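Hi,

Here is the structure I said I would pass on. Have a look at it first, and then read on for what turned up.

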Amino acid sequence: MKTVSTDIEAQLYLPNKDKFVSFDLHYHTNIYRLSKKQREIRLAQHRECLSETHVDFVASTEHGYKSPLDAYLYLRDATEGIHTTILPAVEAISKEGVDIIFIFQDEGDLRRGLRELPAFNWSVDDMKHLRDATGAISIIPHPFTPGKTGLANAVGDKRFMKLQE
């Protein structure tokens, strides 16, 4: 089983120094509520895809209301022994309906973070505090997506810029 190091140099070291480090920081396993057989098929597809693409790091960012801990654990176990390191993460949804990705250092931090980020029960105004309190990295995915899940569209341009300060 691969673990995520807190030492960034250890995380980014690759024997072939000419190779760029590749990340997919918004990756959904889409296994929520699948039968065991369907889940196994889907996880095999993920393993095959990640084996072929050789992406170095994948953040398992299942939505907060779709069992993100299970999604992370299943994906981590399904990709054991291949090149890709699975990062524990969640695409958390604020009470404003906005998606924010939080990437954690390890499974324990993900578990603690999920307790702090119940779906639809925290405010985007608390994003920085929650990030710092959980030791996570936060990412604002699709900020300009039409609809309400994009932060800029949900809160307006001025507030969007202020939240990034």
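To start with the charged residues: which side chain does Arg76 meet in a salt bridge? The partner is Asp77, at 3.0 Å from N to O. Before going further, bear in mind that this is a predicted model.

**Confidence**

The protein chain has a mean pLDDT of 87, with 88% of its residues at 70 or more. Among its elements, α3 (68-78) comes out with the highest mean pLDDT, 98, while helix α1 (residues 8-12) has the lowest, 46. The pLDDT stays below 50 over residues 1-11, although that stretch does have 17 contacts in the model beyond near neighbours in sequence. Where pLDDT is low, the predicted coordinates should not be read in detail, so I'd leave those contacts alone.

**Salt bridges**

Side chains of opposite charge can pair when their charged atoms come close. In this structure there are six salt bridges, and here are some of them.

Back to the pair from the opening question. Arg76 counts as buried because its relative accessibility is 15%, under the 20% cut-off. Asp77 has a relative accessibility of 41%, so Asp77 is partly exposed.

Next, Arg159 bridges to Asp125, and their closest N and O atoms are 2.9 Å apart. Arg159 sits in helix α7 (residues 157-163) and Asp125 in the loop between α4 (107-116) and α5 (127-134), so this bridge ties together parts that are 34 residues apart in sequence. Both partners are partly exposed: Arg159 has a relative accessibility of 31%, and Asp125 has a relative accessible area of 48%.

Then there is Asp132 with Arg131, where the closest N and O atoms are 3.0 Å apart. Asp132 is exposed because its relative accessibility of 53% is over 50%, whereas Arg131, at 25%, is partly exposed. Salt bridges with shared partners also join Arg76, Asp77, Glu107 and Arg111 into one network.

**Strand β4 and its partners**

Strand β4 (residues 99-103) is worth opening in your viewer. Five of its five residues are buried. In a regular strand the side chains alternate between the two faces of the sheet. Here both faces are covered, with Asp99, Ile101 and Ile103 buried on one side and Ile100 and Phe102 buried on the other.

β4 pairs with two strands that I looked at:

- With β3 (85-93), the pairing is antiparallel over five bridges, and Val90 stands opposite Phe102 in β4.
- With strand β5 (residues 137-139), the pairing is antiparallel over three bridges, and Ile103 stands opposite Ile137 in β5.

The hairpin of β3 and β4 has five residues between the strands, and one of the residues in this hairpin, Gly97, takes a positive phi near 85 degrees.

**Asp99**

What is the nearest side chain of opposite charge to Asp99, and how far away is it? That would be Lys66, 10 Å away; Asp99 is buried and has no salt bridge. Its side chain does make a polar contact with the side chain of His142, at 3.3 Å. Setting aside neighbours within four places in sequence, Asp99 is in contact with His63, Glu91, Ala92, Ile93, Pro141, His142 and Thr149.

**The loop between α3 and β3**

Two residues in this loop make a nice contrast. Is Thr84, which lies in the loop between α3 and β3, buried or exposed? Thr84 has a relative accessible area of 1%, so it is buried. The Thr84 side chain reaches the backbone oxygen of Val55 at 2.7 Å.

Glu80 is found in that loop too. With a relative accessibility of 45%, Glu80 counts as partly exposed. Glu80 and Arg47 are 33 residues apart in sequence, and their C-alpha atoms are 8.8 Å apart in space.

That's what I have for now. Shout if anything looks odd on your side.

Cheers

How values were computed. Residues numbered from 1 in each chain as written. Predicted model: local features only at pLDDT ≥ 70, side-chain atom pairs only at ≥ 80, totals over all residues. Heavy atoms only, no water. Helix = DSSP H or I, 4+ residues; strand = E, 2+ residues; numbered from the N terminus. Buried < 20%, exposed > 50% of the residue type's maximum accessible area, 1.4 Å probe, protein only. Pairing = 2+ DSSP bridges. Lys, Arg positive; Asp, Glu negative; His and termini not counted. Salt bridge = Lys/Arg side-chain N within 4 Å of Asp/Glu carboxyl O. Polar contact = N/O pair within 3.5 Å; in protein donor to acceptor, adjacent residues only side chain to side chain. Contact = heavy atoms within 4.5 Å. pLDDT = per-residue confidence, 0-100.
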